[in-house]
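Here is a colleague's note to read with the model open beside you. Please take the points in order and look for each element as it is named.

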Amino acid sequence: MLYRLFGIWIGLTLLFAAGCDQFEDTVAADTIYINGHILTMSNPTHVRAMSIKDGKVQAVGTRAGVLRHKGEQTRVIDLQGKTVVPGWYAVDSDFMQVVNRVGLEQAQYLFAQAGYTTVVEQQASIAMLEQLRTAADGNQLSLDVIALVPFATFHSTLSQQNLPLPFRKTSAPQAQAPPSKATTPAASNATVTGSLTLAGVTLAVDGNMENQTAWMAIPYATQPPDRPPRWQGQPAMPYSEFRHAYQLAIEQAVQLFIHAMGDAAIDAVIQASDDLAITVEQQRRSVILSSRYARIGQLDQYKRLGLLPCFDTLHIVKHGDSDITWLGQLRAETQSPLRSATTRHLTFANQCAPLIRPVNDGPITATQSPETSESTDTRLTDEAITSRETSDNSQAVVSHDETGSSQETETTAQSLADDAETEPKRALPTSSQTESSQAENAQLKHSQQESSQPTPSQTATASVPNAMLSVWSAVNRMTAQKTLLGETERISALDALQALSRHAAYLFFEEKYKGRLVPGMQADMVILSTNPLSLPAGALREVTVIETLKAGRPLYPTPQGTAPADIKHIPTAPYLYDHQVSP
């Protein structure tokens, strides 16, 4: 009998302990959330309660277990079935354009309103860095701001060391430490929670698909007007110049963010990585922005080399129909291969629009359809464009007649998604082969130089990305004309949400303290109207942000329930795009 009673006591003790799946201690929490769906982006994926202490997650688990941390001053919030996810990263945010339009306070509010707790400025000038540094030192940042600078800025300041703040180095363990106090607001200021980090350097290898300058391994299916026959796009610089820039970033232990949209451009990145003896063990984490037309075999090379893709399924929503015209059905369907990346356990984000955009390429409005929007790129001059023969012309998807028109010929998925271990390295341009492109290269470099203020064309329309539309596009892969583009590359809503949080944090060396809701992690959170994992795929874009919290403190709505003074409220777009900031 005593043995039976002892066994029952042990069982009850274990059951009680299991009531809180993960916890740090029994210190009273600041806030406890109960009766919700908390998606931790870790294991377990789904819990019903969570406690917050000193801006960090203290415990997650069942209601009974987490309520062990309730003290006299603890706020207990009933989520009433709402869903909590980790705060989102706006990887391609146009943040400083929004700041220049509406001011820093209002810009941060707009991003918080959209669920973002971290924003990334991909093309920060020195003037922008100085502006952000001043804001950080003055405790004016409520969001975490990650700044990237163009390679031209980085190169020009190497000798002078005159950047407003130092780079975060990729050498461990510094890369995975939270931002230093020098650029982090004081913890004593209860209304300020943000930080500023100079994370790396951006570099472009090719152009984009909107004006058919993405560098493809085989010719476009439809011949673009005013381009040489059998057009494949073109590199933005000679291979030797790109390799040198890559090597310089590695030597300085600075993370590199490389715009490579076409598969030929990605070939160049892979070859340069091999030439520089890059390995996954080195933890360089070079990010391939866009990676839109990566072949399946190239993803295996990403894994081997430690390269990280940032995809863009929103492009399918906006321009997927025109991609079928320019590239043919097969290449259009295999763009942004999220499912293939997931099965390879490859960490990726999915909100990376082109680093190089046509000068009038702004967010699409409700009255402007993707098929009729015009794109003009002044960075690549027709006089500078030269045709280029590649080693796999015999495998081309299209054949061109004497008039320059194209006819699709028979092909298979294997011809476009070769096994990376068996495919030969493609011939890459040398300096001598691209002498006729020097004018183009000069214009490209000039476009990457910092400027104190954006040009009118750059600020014509600033936008706050729609995170749930990004999730919807990754799960549905539906074009504006309701065409399913790449059914086999669709991913789950959970994987799409991880691309906005846990995986995005990994891309920026922040996975040790952000991107998950588990004990010890920063309490950056978004409360959603409903659980995306319980919805039909088509309803995902209807999910709305109810509240956004940074380190456990509310950013949206504000504590008083009101927006900053004179805030410009931005309506949610009905289908194609996101929040629009008007002049």
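**Notes on strands, helices and a few loops**

1. The model is predicted, and a good place to begin is a pair of strands, since 2 bridges join strand β3 (residues 37-39) to β4, and these two run antiparallel. To find the pairing on screen, start from Ile38, whose bridge partner in β4 is Val47.

2. The loop between β3 and β4 also deserves a look, because Pro44 lies there, and the peptide bond that joins Asn43 and Pro44 is cis, with omega at about 0°.

3. Strands β3 and β4 belong to an open sheet of 6 strands, in which the order is β4-β3-β8-β19-β20-β21 and the pairing is mixed. The edges are taken by β4 (46-47) and β21 (553-556), each of which has a single partner strand, so one side of each is left without a neighbour in the sheet. As background for a first reading, strands of a sheet pair through backbone hydrogen bonds, and they may do so either parallel or antiparallel.

4. At the β21 end of that order, helix α4 (residues 104-113) lies across β20 (545-550) and β21, and the helix runs at about 100° to β21. A second cis peptide bond can be found here, from Tyr556 to Pro557, with omega near -15°; Pro557 has its place in the loop between β21 and β22 (579-581).

5. How much of strand β11 (residues 144-150) is buried? The strand is mostly covered, and 7 of its 7 residues are buried. Strand β11 is paired with β10 (residues 116-121), to which 4 bridges join it in a parallel arrangement, and Glu121 has Ala147 of β11 as its bridge partner. Strand β11 is also paired with β12 (residues 195-204), where 7 bridges join the two strands and the direction is again parallel; here Pro150 has Thr202 of β12 as its bridge partner.

6. Two helices, α8 (residues 263-275) and α9 (residues 296-305), can be examined as a packed pair, with axes that come within 11 Å and cross at roughly 30°. That angle makes α8 roughly parallel to α9, since angles under 35 degrees count as roughly parallel, and the crossing of α8 and α9 is left-handed.

7. Which residues of α8 and α9 meet? From α8 there are Asp263, Ile266, Asp267, Ile270, Ser273 and Asp274, and they meet Gln298, Gln301, Tyr302, Arg304 and Leu305 of α9. Taken together, the residues of this contact of α8 with α9 divide into 4 nonpolar, 3 polar and 4 charged, so a student who colours the contact by residue class should expect a mixture of the three classes.

8. Two asparagines in loops should be checked for their backbone angles. Asn35, which lies in the loop between β2 (31-34) and β3, has a phi near 60°, a positive value in a residue other than glycine, and Asn35 is partly exposed, with a relative accessible area of 24%. Asn139, which lies in the loop between α5 (126-137) and β11, has a positive phi of about 55° although it is not a glycine, and Asn139 is partly exposed, with a relative accessible area of 25%.

Key. Residues are numbered from 1 along each chain as its sequence is written. This is a predicted model: local features need pLDDT of at least 70, side-chain atom pairs count only at pLDDT 80 or more; totals for chains, interfaces and linings use all residues. Side-chain values use heavy atoms; hydrogens and water are left out. Two strands pair if DSSP finds at least two bridges between them. Contact means heavy atoms within 4.5 Å. Axes are lines fitted to C-alpha atoms, for helices over the stretch in contact, and angles run from 0 to 180 degrees between N-to-C directions. Angles under 35 degrees count as roughly parallel, over 145 as roughly antiparallel, 65 to 115 as roughly perpendicular and the rest as oblique. A crossing is left-handed if the near helix is turned anticlockwise from the far one by less than a right angle, and right-handed if clockwise. Buried means under 20% relative accessible area, exposed over 50%, partly exposed in between (1.4 Å probe, protein chains only).
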